[in-house]
Amino acid sequence: MSVTDEAITRIREMIASGRLRPGDRLPREADLAAMLGLSRNSLREAVRALSLIHVLDVRQGDGTYVTGLEPERLLEAVGFMVELRHGGSLLEVLEVRRMLEPAATATAALRATPEQLAGLEELQRRAEAATTVEELVECDLDFHRGIVAAAGNSVLSGLLAQIGSPTVRARVWRGLTDEGALARTLAEHRAILDALRARRADLAQAHALVHIAGVEEWLRSSIDPADPADPADQAGG
């Protein structure tokens with residue numbers, strides 16, 4: 001373990017143990033370095049690294065604070081990893097989404113408030129009125145985020161947000177090239193929403209699984225085995 005890695009570990013342990021809580025200000029650099037038995041340079045590098053992943057917030061002229069440690073911010077590194085994956089690797093991302101999102105949809109059927117259901121209905125109306133593929137995909141993203149938010153699990157919501165957003169280009173390209181994809185998307189969304197309104201967790205989960213699996217199978221069939229790049233890139237889009 002490098003000295004910087006050790007410094008990161010020590011600060012992480014302070015947060016995990018509760019010695020430092022969300023919103024707390026860290027001791028002065030010199031004091032913290034002496035407390036941890038580290039050099040100020042290694043501590044400075046650790047603070048810089050932890051600020052990049054939103055664990056710490058360095059405020060010029062004020063000090064360094066522990067962030068709110070919100071899952072959606074901490075999971076942004078996952079989104080960065082997903083952004084770097086294409087083609088066949090992107091299939092793995094969709095597989096994870098297929099494993100998690102139907103379960104979240106089932107939970108949402110039990111927990112969604114009337115206001116959240118009304119919001120999903122409004123998104124469905126916007127999607128049905130969309131005049132471009134890009135508009136429909138934007139509504140699609142908001143619809144799925146709304147469902148996961150209704151499940152009431154901030155960690156799951158943050159994780160699925162990072163997994164879902166980088167697939168936008170593939171979704172747009174599917175809408176442009178797969179005849180009937182847009183109509184199927186609207187029909188599948190309506191089926192999911194109806195199941196949510198009926199508080200049918202089993203039916204909501206099944207409809208979500210079919211919906212996500214359809215995107216996954218389209219991507220699988222669109223990838224050229226000899227060139228496993230993003231299908232949108234393969235097609236010049």
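## From helix α2 to the largest pocket

The buried residues of α2 pack against two other helices, α1 (3-16) and α3, and this contact is a convenient place to enter the structure, which is a predicted model. The residues in question are L32, A33 and L36, the buried members of α2. Looking down the axis of α2, one finds these buried residues within an arc of 100 degrees, so they line one face of the helix. Just after α2 comes G37, which takes a positive phi of about 70 degrees.

Helix α2 (29-36) also belongs to the surroundings of the largest pocket, to whose lining it gives two or more residues. The volume of this pocket is about 370 Å³, and of the 17 residues that line the pocket, those closest to its centre are E29, V47, V58, G63 and T64. Besides α2, the elements that give two or more residues to the lining are the helix α3 (40-52) and the strands β1 (56-59) and β2 (63-66). The most is given by α3, with four residues, and α3 is also one of the helices against which the buried residues of α2 pack. In chemical character the lining is mixed, since its residues divide into seven charged, six nonpolar and four polar.

Further along the chain, helix α11 offers a second example of a helix with a buried face. Running over residues 181-197, α11 has 17 residues and reaches 24 Å from its first C-alpha to its last, which is close to the 24 Å expected at 1.5 Å a residue. Its buried residues are A181, T185, H189, I192, L193, A195 and L196. Seen down the axis of α11, these fall within an arc of 160 degrees, so here too the buried residues line one face of the helix. What follows α11 is R199, with a positive phi near 60 degrees; a positive phi was also noted for G37, just after α2.

These local views can be set against the chain as a whole. The protein chain has 13 helices and two strands, and both strands, β1 and β2, have already appeared among the elements that line the largest pocket. Of the 237 residues in the protein chain, 39% are buried, where buried means under 20% relative accessible area. Finally, if one considers the contacts between residues at least 6 apart in sequence, 70% of them join residues at least 24 apart.

Technical notes: Residues are numbered from 1 along each chain as its sequence is written. This is a predicted model: local features need pLDDT of at least 70, side-chain atom pairs count only at pLDDT 80 or more; totals for chains, interfaces and linings use all residues. Side-chain values use heavy atoms; hydrogens and water are left out. On a 1 Å grid over the protein atoms alone, a cavity is a set of points where a 1.4 Å probe fits but cannot get out, and a pocket is an open set with protein on both sides within 12 Å along at least five of seven lines; lining residues have an atom within 4 Å of a point. Grid points are joined across faces, edges and corners, and a volume is the space filled by probe spheres set on the points. Ala, Val, Leu, Ile, Met, Phe, Trp, Tyr, Cys and Pro count as nonpolar, Asp, Glu, Lys and Arg as charged, and the others, Gly among them, as polar. Buried means under 20% relative accessible area, exposed over 50%, partly exposed in between (1.4 Å probe, protein chains only). The arc is that of the directions from the helix axis to the C-beta atoms. Contact means heavy atoms within 4.5 Å. The expected span of a helix is 1.5 Å times one less than its number of residues.
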